[in-house]
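Biologist: I'm new to this structure and would love a close look at one part of it. Could you walk me through how the helices pack and what sits in the middle?

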Amino acid sequence: MKNLLDPDSRTDVIIPVLGIMPLLMVANIYESAAAIGIVNLLVIIIASLAVSAIRNLIPIEIRLFAILLVTASVVSLIYMFMQFWFYAVSQQLGIYIPLIAMNCLVLAWVEERALRNSVIKSVIDTLLAGLGILVILIMIGVVREYAGLSLLKQPAGAFLVFGFLLALYNFASNQQRPSAEH
C-alpha cells in the first residue's frame, strides 16, 4: 500500500479530491458531510465494480457512454433508495446527489481504474479513494459546524477549510520528504 505522504502518490489522492468541490457546498455540518460522502463512496464503488466486471465487453468507441450510463443508473438507484428509506436526508442533500452522476471525479475514476484493472483491484482502489474523500468531507463538515466563525458556515467557508486542509497535507508531505541538502 502506498504511503499517502509520499510525493509520488500525491496525485492519487489530491487530484481526485479536487473533483469533490461540488460536494463541499452541502458539507456544512457533520451529518450532511457524512451523508454526501457515503453516497459518493457508494456510487464510485458500485460504478467501478460494474464497469470493471464488463470492461472487456465495452468497445473503445462507446466507453465513455457506457461509463456515463452505468454511473447515472447507479446514482438514480441510490437516490431513489434514499428517498424511500432516508427521505429527510435526501431532501437535505437536494440536488447534490444527482450532481454526482456528472461529477468528473466519478467518471475519471471509473475510467482510469475500472477499465484497466481486475474487479478485486478496482474495488479495493475505489474503496480506499472513496474512504479518503469521505474522511475529508467529514473533516470539513465538523470544522464548519463547530467553528465559531460565521464565515466558515457560508459557501466560501467550505473552500477555505478545504484550502487549509490541503495546505496541512502539503506541509506534512514536505516534512516527510528527505531534504536535498543531505
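**Helices around a core**

Modeller: Happily! Let's begin with one pair of helices: α3 passes α4 in a right-handed crossing. Please keep in mind as we go that this is a predicted model. The axes of α3 and α4 lie 9 Å apart, and the two helices pack at an angle of about 140°. An angle over 145 degrees would count as roughly antiparallel, and α3 and α4 are therefore oblique to each other. If you want to find where they meet, look on the α3 side for Val39, Leu42, Val43, Ile46, Ala47, Ala50 and Val51. Their partners in α4 are Ile67, Val70, Thr71, Val74, Val75, Ile78 and Met82.

Now stay with α3 and turn to α8. Here the axes are 8 Å apart and the packing angle is about 165°. That makes α3 roughly antiparallel to α8. The crossing of this pair, α3 and α8, is right-handed.

From α8 we can step across to α10. The axes of α8 and α10 come within 10 Å of each other, crossing at roughly 120°, and these two helices are therefore oblique to each other. The crossing in which α8 passes α10 is right-handed. On the α8 side, the residues to pick out are Ile136, Met139, Ile140, Val143 and Arg144. They meet Pro155, Gly157, Ala158, Val161, Phe162 and Leu165 of α10.

With those helices in view, we can go to the middle. The largest nonpolar core has 35 residues, and the members that touch the most others are Ile36, Val51 and Ile140. Six helices each supply at least two residues of this core: α2 (21-24), α3 (30-53), α4 (63-85), α7 (104-114), α8 (119-146) and α10 (155-176). You have already met two of the three best-connected members, since Val51 is among the α3 residues that meet α4, and Ile140 is among the α8 residues that meet α10. As background, nonpolar side chains tend to be buried together in soluble globular proteins.

Ile36 deserves a stop of its own. Leaving aside residues up to four places away in sequence, Ile36 touches Leu23, Val26, Leu93, Tyr96, Ile97, Ile100 and Leu137. Two of those neighbours, Tyr96 and Leu23, also make a pair worth finding: 73 residues separate them along the chain, while their C-alpha atoms are separated by 6.7 Å. Tyr96 lies in helix α6, and at 24% relative accessibility Tyr96 counts as partly exposed.

Helix α6 spans residues 96-99, and Leu99 is found there too. Leu99 has a relative accessible area of 42%, which makes this residue partly exposed. In sequence, Leu99 and Ala72 are 27 residues apart; in space, 9.6 Å lies between their C-alpha atoms. Another such pair starts from Leu68, whose place is in helix α4. Leu68 is partly exposed, with a relative accessible area of 24%. Its C-alpha atom is separated by 10.0 Å from that of Glu111, which is 43 residues away along the chain.

Finally, let's step back to the whole protein. There are ten helices and zero strands, so the pattern along the sequence reads α-α-α-α-α-α-α-α-α-α. Of the 182 residues, 40% are buried. Among contacts with a separation of 6 or more, 73% come from residues 24 or more positions apart. The protein exposes about 10200 Å², with carbon and sulfur atoms supplying 71% of that area.

For your own tour, try starting at Ile36 and its neighbours, including Leu23 and Tyr96. Then follow α3 to the residues that meet α4, among them Val43 and Ile46, and end at the place where α8 meets α10, with Ile140 and Phe162 among the residues there.

Terms used: Residues numbered from 1 in each chain as written. Predicted model: local features only at pLDDT ≥ 70, side-chain atom pairs only at ≥ 80, totals over all residues. Heavy atoms only, no water. Core = buried A, V, L, I, M, F, W, Y, C linked by side-chain atoms within 4.5 Å. Buried < 20%, exposed > 50% of the residue type's maximum accessible area, 1.4 Å probe, protein only. Helix = DSSP H or I, 4+ residues; strand = E, 2+ residues; numbered from the N terminus. Contact = heavy atoms within 4.5 Å. Areas by Shrake-Rupley, 256 points an atom, 1.4 Å probe, with all protein chains shown as cover. Axes fitted to C-alpha atoms, helices over the stretch in contact; angles between N-to-C directions. Parallel < 35°, antiparallel > 145°, perpendicular 65-115°, else oblique. Left-handed = near helix turned anticlockwise from the far one by under 90°.
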